[in-house]
Amino acid sequence: MNDFNKKVAVITGGASGVGRSIAFTLGRLGAKVVIADVDKNALEQTCDALNAENIEAIAQYCDVSSAQSCEDLSQKALSTYGALHLVFANAGVSAAEAGNMWEYSERDWQWTFNVNVWGVVNTINAFMPKLLEQNIEAHFAITGSRNGSLLIFPNIPIYTASKAAIHSITENLYHQIAAMDTPVKVHCLIPGPHVVETGLLNSERVRPAELKIENPRAQTAAKSIDEMKRNAVAKGVDLQTTHPDEVAAMVVKAIKEDQFWILETTPDTEERIINRAQDIIDQRPPRSLIVK
Ligand SMILES: NC(=O)c1ccc[n+]([C@@H]2O[C@H](COP(=O)([O-])OP(=O)(O)OC[C@H]3O[C@@H](n4cnc5c(N)ncnc54)[C@H](O)[C@@H]3O)[C@@H](O)[C@H]2O)c1
């Protein structure tokens, strides 16, 4: 797809971070944008800001962990704009994991899997039949993570497990769609190449009351990128970050070039991927992800 003008883009988690940047970037290229999110205030503010730039946009409350909410979103987008060209299953959360996994609350697992895994399944189920029925060029992108999709970082196991799960869903979806005679394309979006400056570390702001953790944790995780940077400096580490607009630019480029991977790697990441593959082949236990 070379021309985004008048194309219809639906973005879950569109009120913040990566999703918000995708909305602005595609909107500035002439797309009509449907942003969907559970954060009603951020949704309204983002939609107002899009409209203030003369971007045609609507906001729809959507909780991706609900199949009905995703179905409502797909119907709203279709009834408003008449077609669907770009769908981003992007909403995701991180449950401020810190410490040993057996000390986490069961609710951490439930919430993360409800949003990160069921959210993707629900979005596929709500949108894919409509995209196939249209029989026009359309792109469906699932937001994974370096952590889980490509590598298994040891410190946030729930998030990593959820992203590993949706990565296998993404590759399966790719194969199933590629085997069909359809102009629909599937993409795997891995934001980066560094930690992206978004609200992800403060996902607790949209955590449902019934899934809040009962007891405070023994250890706490950074709640913002700034805090993460300060922690890194204290350890003598130079933490590099990526702006979400850079991720949105990657999205446009990859869709134009019809690339499955929406991904930018660093030499460190490449070395870690090769090491991991070699350790599996050599049947060695996983080595530390710290690259010297
Ligand atoms: N920030 C990073 O470094 C990074 C790296 C790799 C992958 N990702 C992934 O990128 C995606 C976007 O996250 P982000 O980093 O922009 O964070 P973000 O917190 O800025 O944006 C995520 C959005 O998802 C929304 N959301 C949360 N639960 C939802 C639900 N149940 N239904 C609908 N919307 C919901 C939030 O309200 C928020 O607006 C996520 O899937 C995340 O896992 C982020």
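How do the residues of the shell around the ligand divide into nonpolar, polar and charged? In this predicted model, the shell divides into 14 nonpolar, 14 polar and 3 charged residues. The ligand is surrounded by 31 residues, and the briefing below takes up that shell before turning to the helix contacts, the sheet and the backbone.

**Shell around the ligand**

- Among the 31 residues that surround the ligand, the closest are Gly13, Ser16, Gly17, Gly92 and Thr198.
- At least two residues of this shell are supplied by each of three elements, namely helix H1 (17-28), helix H4 (106-134) and strand S7 (195-196), and the largest share, 3 residues, comes from H1.

**Helices H4 and H6**

- Helix H4, which supplies at least two residues of the ligand shell, also meets helix H6 (residues 157-178), the two axes coming within 9 Å and crossing at roughly 15°.
- Because angles under 35 degrees count as roughly parallel, H4 is roughly parallel to H6, and the crossing of these two helices is right-handed.
- On the H4 side the contact is made by Asp108, Trp109, Thr112, Phe113, Asn116, Val117, Val120, Val121 and Ile124, while H6 contributes Ile158, Tyr159, Ser162, Lys163, Ala165, Ile166, Ile169 and Leu173.
- Sorted by class, the contact of H4 with H6 holds 12 nonpolar, 3 polar and 2 charged residues.

**Helices H1 and H8**

- Helix H1, the source of the largest share of the ligand shell, has an axis that comes within 8 Å of that of helix H8 (residues 244-256) and crosses that axis at roughly 55°.
- This angle makes H1 oblique to H8, and H1 passes H8 in a right-handed crossing.
- From H1 the contact draws on Gly17, Val18, Arg20, Ser21, Ile22 and Thr25, which meet Pro244, Asp245, Val247, Ala248, Ala249, Val251 and Val252 of H8; Gly17 is also one of the closest residues to the ligand.
- The residues of the contact between H1 and H8 divide into 8 nonpolar, 3 polar and 2 charged.

**The sheet**

- An open sheet is formed by 7 strands in the order S3-S2-S1-S4-S5-S6-S9, with parallel pairing.
- Its edge strands are strand S3 (57-61) and strand S9 (261-262), each of which pairs on one side only.
- Strand S1 (residues 8-12) pairs with strand S2 (residues 32-37) in the parallel sense over 5 bridges, and within this pairing Val10 has Val34 of S2 as its bridge partner.
- Helix H2 (residues 40-52) lies across S2 and S3, and runs at about 175° to S3.

**Backbone exceptions**

- Most residues other than glycine have a negative phi, and most peptide bonds are trans.
- The peptide bond from Gly192 to Pro193 is cis, with omega near 20°, and Pro193 is found in the loop between strand S6 (184-189) and S7; S7 is itself one of the elements that supply at least two residues of the ligand shell.
- Lys6, a residue other than glycine, has a positive phi near 70° and lies in the segment before S1.

Terms used:
Residues numbered from 1 in each chain as written. Predicted model: local features only at pLDDT ≥ 70, side-chain atom pairs only at ≥ 80, totals over all residues. Near = placed C-beta within 6 Å. Helix = DSSP H or I, 4+ residues; strand = E, 2+ residues; numbered from the N terminus. Nonpolar A, V, L, I, M, F, W, Y, C, P; charged D, E, K, R; others polar. Axes fitted to C-alpha atoms, helices over the stretch in contact; angles between N-to-C directions. Parallel < 35°, antiparallel > 145°, perpendicular 65-115°, else oblique. Left-handed = near helix turned anticlockwise from the far one by under 90°. Contact = placed C-beta atoms within 7 Å. Pairing = 2+ DSSP bridges.
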